[in-house]
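Q: Please pick one part of this model and take a close look at it. Start with the terms I need, and keep the sentences short.

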Amino acid sequence: MPDLQLADEASRLVTYLRSADLSLITAESCTAGQISAELSAVAGSGKVMEGGFVVYSPAAKLALLGLDPNWLERFNLTSVEVAEAMARAALQRSPASAALAVTGLLGSEAKDGIPPGTCLLYTSPSPRDRQKSRMPSSA
């Protein structure tokens, strides 16, 4: 059964992107494309979805996004720094005006001191759209 709350949030994000005249590129690691799938299921998402990168492995992050291997070693794969680098790299490789990147550890065991269930999400407007407003939080 589909997750209705997730579908509602996807719809809300698509509505926001349309109203702010933004287009989105995603860079997903631990979600393996699920965010893009949820967003693309929303009617009208084709007007705001530019595309997405699924970069589950470190090799994919290097090959598809061009991340610096030293960066991946310096910071953990599950870090804000890597999530930000993923978002910025996705923007550089796309005409999109905003990026959403996610990395995390969704397994049941800790790894490298990171507790299971840790998920980091980073959003970034392109330099040309930094003046755009932020999406309001849901209450």
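A: Two strands count as paired if DSSP finds at least two bridges between them. Strands (E, at least two residues) and helices (H or I, at least four) are DSSP runs, numbered from the N terminus. The model is predicted, with local features needing pLDDT of at least 70 and side-chain atom pairs counting only at pLDDT 80 or more, while totals for chains, interfaces and linings use all residues. Residues are numbered from 1 along each chain as its sequence is written, and side-chain values use heavy atoms, with hydrogens and water left out.

The part to look at is strand β3, residues 98-105. Begin with its sheet. Four strands make up this open sheet, in the order β2-β1-β3-β4. The pairing is mixed. At the edges are β2 (49-54) and β4 (118-125), each paired on one side only. From one strand to the next, the twist averages 15° (angles run from 0 to 180 degrees between N-to-C directions, and axes are lines fitted to C-alpha atoms, for helices over the stretch in contact).

Now the two partners of β3. With β4, the strand runs antiparallel, joined by eight bridges. Two facing pairs help to place it. Ala99 stands opposite Ser124 in β4. Val102 has Leu121 of β4 opposite. With β1, the pairing is parallel and has five bridges. Here Thr26 has Leu100 of β3 as its bridge partner.

Next, the cover. Eight of the eight residues in β3 are buried, meaning under 20% relative accessible area; exposed is over 50%, and partly exposed lies in between (1.4 Å probe, protein chains only). In a regular strand, side chains alternate between the two faces of the sheet. Both faces of β3 are covered. One side has Ala98, Leu100, Val102 and Gly104, and the other has Ala99, Ala101, Thr103 and Leu105.

What lies across the strand? Helix α3 (residues 58-65) does, and it also lies across β1 (24-28) and β2. Its direction makes an angle of about 135° with β2. Ala60, Lys61 and Leu65 are the buried residues to find in α3. They sit on the same side of the helix, because they cover an arc of only 105° around the axis (the arc is that of the directions from the helix axis to the C-beta atoms). The buried residues of α3 pack against β3, and also against β1, β2, α4 (69-74) and α5 (80-92). Contact here means heavy atoms within 4.5 Å. Turn to the face away from the buried side, and Ala59 and Ala63 are exposed. After α3 comes Gly66, with a positive phi near 70°.

Leu65 is worth following further. Not counting residues up to four places away in sequence, Leu65 touches Ala27, Phe53, Val55, Ala60, Met86, Ala89, Ala90 and Arg93. Leu65 also belongs to the largest nonpolar core, which has 21 residues. Such a core is a set of buried Ala, Val, Leu, Ile, Met, Phe, Trp, Tyr and Cys residues joined through side-chain atoms within 4.5 Å. Ile25, Leu65, Leu67 and Met86 touch the most other members. Two or more residues come from each of β1, α3, α5 and β3. Helix α5 gives the largest share, eight residues. A second, separate core holds 14 residues, and Leu100 of β3 is among them, as are Tyr16, Leu17 and Val42.

The other end of β3 meets a loop residue. Thr78 belongs to the loop between α4 and α5. At 13% relative accessibility, Thr78 is buried. Thr103, Gly104 and Leu105 are among the residues that Thr78 touches, and so are Ile114, Thr118 and Leu120, not counting residues up to four places away in sequence.

Last, look back at α5. Arg88 and Glu84 form a salt bridge, with the closest N and O atoms 2.8 Å apart. The term needs a side-chain nitrogen of Lys or Arg within 4 Å of a carboxyl oxygen of Asp or Glu. The two residues are four apart in α5, so about one helical turn separates them. Arg88 is partly exposed at 32% relative accessible area, and Glu84 is partly exposed at 26%.
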